[in-house]
Amino acid sequence: MSAVLQSLIEQPYRHGFVTDIEADTAPKGLSEDTIRFISRKKGEPEWLLEFRLKAYRHWLTMKEPTWPNVKYPRIDFQDIIYYSAPKPKAKLASMDEVDPELRRTFEKLGVPLHEQKALAGVAVDVIFDSVSVTTTYKKRLADAGVIFGSMSEAVRDHPDLVRKYLGTVVPPGDNFYAALNSAVFTDGSFCYIPKGVKCPMELSTYFRINTESSGQFERTLIVAEEGAYVSYLEGCTAPKFDTNQLHAAVVELVALDRAEIKYSTVQNWYAGDEEGRGGIYNFVTKRGLCRGAASKISWTQVETGSAITWKYPSCILQGEGSVGEFYSVALTNHKQQADTGTKMIHIGPNTRSRIISKGISAGGSNNSYRGLVQIGPKAENARNYSQCDSMLIGGASGANTFPYIRVQNQTAKVEHEATTSKIGEEQLFYFQSRGIDMEAAVSMIINGFVKDVFTQLPMEFAVEAGRLLGLKLEGSVG
Amino acid sequence: MIRADARILLEVRNLSARVAGIEILKGVSLTVRAGEVHAIMGPNGSGKSTFAKALVGHPAYEITSGAATFEGRNLFELAAEERARAGLFLGFQYPVEIPGVANAQFLRLAYNTIQAARGKDELDPLEFDDFVREKMQLLGMDPAFLDRSVNEGFSGGEKKRNEILQMALLEPKLAFLDETDSGLDIDALRVVANSVNRLITPDNAIVLVTHYQRLLNHILPDYVHVMDGGRIVKTGGKDLALELENRGYDWVAGEAAAA
């Protein structure tokens, strides 16, 4: 591949600064004492401490899974800071009270933190290291009956709701990293949409890891009651460190009868440098339960960052006629590794799912799609359509597809399509011979490739995601 | 049309080039003036396609010696896209497929890029749609090709029409058409040739690269050059093409060797 294309795919990371904010930090290491420390810091009720301790004890019996198609040195779980919160921690009533240093950080990141920007229609919950800093636009949401804020607040203000749903989709012992998260999660977002309410604006959470060697373990829970609708956006960045940081989040979604949850992620955690030093290990469990009839959960993810991305946003299609969707763009460059995909578990009859996955591998990176489509014995007339496309840029990157299909009902229809393509010299030359430079050519090819996924993103996120792909690959996507 | 006083567009002197380490062109010279139609003929592997690709800047072809100027500018100092903006065009023998990129989008980007380079107005998608449909009609192309991915699933003939459509849109000063007749049935050939003929003006020029004579029944060349072994071994008028059709290429090569 030519030198120009090389330079295009080697754009520097723009969120790699560290904010100098005094932090309230737990000592490194994990023990029951750490967990009690976190729980006490957050003033949690006894049942939640028990939830954590139970998860921790279970975690101790578990082994770190090694089946994904990624390579990394063993993680020393005693070398991680499990709690780091920016000071001061006084309760904030309005945006003006946010630490100016923090505000400048989010301004640099381009987060619409100000009220006037929030007027654009996005309510933002910001998670800085471990703790939710502020939630904008609470009033208008409250008028609609929507509860949206940090998990800590929800535990305090709506303990019954949290207790009713927490761990019902991803049980504390579900997997190694979910168990770890259940033990040490420090904050996250909680969102509850009451019966029949269409959430009046897009909800958004912005995650940032700031402290070196801190892990981020946030926990998100979204519940949509009968006939409710919510669109939720999640964005993430982290500063540059030479060490690796662990991000092990859990996201649980619950959709009751005819409810719809649309969950979109633009993930741009620090990916490490060109040699693979540093970067985030993004080991996340995301799962949605379509509990009610005709409910719908739709995951859209644009994964561009992290040294390693390892996640499978999934749908359990329990309610009759429920629908699960997964739209994904995963871009890897340099030494990045991604093993990502989805699970569609069809339990109820007439359930439908759709998987559109687009992997882009550049540099010396490795990008795998791994997905499971499971049709249970009672899932009469279940339908799945999967399409997994890979695009290779340059000659040193790799792409793999691991589709698993398990069908236990003969009336089911499952379709799977996969393609692999390569941005080749001939294609680029074709553009050039028409006067179009290489940068614009790559941009147009990539945009064409990801189009089916980007149309699923809310408008402003689609713009941000396009910009991000641009930063990763060249300068003018968008 | 030959006019001795016409402006020189392309001047190639002793051009040698190689691909993957193998010398393909071994000293080719050619002068093309405004208003002229040239045909470069020759057996397979004689270097005719290489000559066109090397001049428009294909990255696989390495220039080892010689010079080429286009309207006085040194071609080899320009990137491929700059040569296109300067007015060079290549109609590909095998146009590449670009999945996921809508033809309409691609054509508009190409058109606007060239327009901008000429200091002319660009067109928005709606304006462009009207504009391109008109051009397509002349080529007998179904407008449905606008919504399809560039060249993807196009038949050989459809790809060739799409190339000539681009030529019609970009209005190059000098167009190389590489085996444009291959893959076309006789009716399609006539349509494509008519379109090309309409694009010929006293200010531009065309170089047809072709193995067979049949295209030259429809687009009349002012000069016919025969290439063999990486050199132009004979140059003549349009009658030379007919002679080649009757006698094959061997006699030219033999004549050149004897000389």
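**Inside and outside a two-chain model**

Colleague: Is Asp187(B) buried or exposed?
Modeller: Count neighbours. A residue is buried if 20 or more other C-beta atoms (placed from the backbone) lie within 10 Å of its own, exposed if 12 or fewer, and partly exposed in between. Asp187(B) has 10 other C-beta atoms within 10 Å, so Asp187(B) is exposed.

Colleague: What kind of model is this?
Modeller: Residues are numbered from 1 along each chain as its sequence is written, while chains are lettered from A and ligands numbered from 1 in the order in which they are written. Local features need pLDDT of at least 70, side-chain atom pairs count only at pLDDT 80 or more, totals for chains, interfaces and linings use all residues, and the model itself is predicted.

Colleague: Which helix holds Asp187(B)?
Modeller: Helices (H or I, at least four residues) and strands (E, at least two) are DSSP runs, numbered from the N terminus. Asp187(B) falls in the run covering residues 186-199 of chain B, helix α6.

Colleague: How many residues of chain A count as buried, in percent?
Modeller: Chain A has 12 helices and 23 strands. Out of its 478 residues, the buried share is 58%.

Colleague: Which helix gives the largest share of the largest nonpolar core?
Modeller: A nonpolar core is a set of buried Ala, Val, Leu, Ile, Met, Phe, Trp, Tyr and Cys residues joined through C-beta atoms within 7 Å. The largest one has 192 residues, and Ala224(A) and Val230(A) are among those that touch the most other members. Its largest share is 10 residues, from residues 438-454 of chain A, helix α11.

Colleague: Which elements of chain B help cover the buried residues of α10(A)?
Modeller: Helix α10 (residues 425-432) of chain A has six of its eight residues buried. They include Phe429(A), Tyr430(A) and Phe431(A). Contact means C-beta atoms, placed from the backbone, within 7 Å. Chain A's own cover includes β23 (413-423) and α11, and chain B adds α2 (80-86) and β7 (98-102).

Colleague: Over how many bridges do β21(A) and β23(A) pair?
Modeller: Two strands pair if DSSP finds at least two bridges between them. Strand β21 (residues 383-393) of chain A has eight of its 11 residues buried, and β19 (residues 352-361) of chain A pairs with β21(A) in the parallel sense over 10 bridges. With β23(A), Ser390(A) stands opposite Thr420(A). That pairing is also parallel, and its bridge count is 11.

Key: Two residues are in contact if their C-beta atoms, placed from the backbone, lie within 7 Å.
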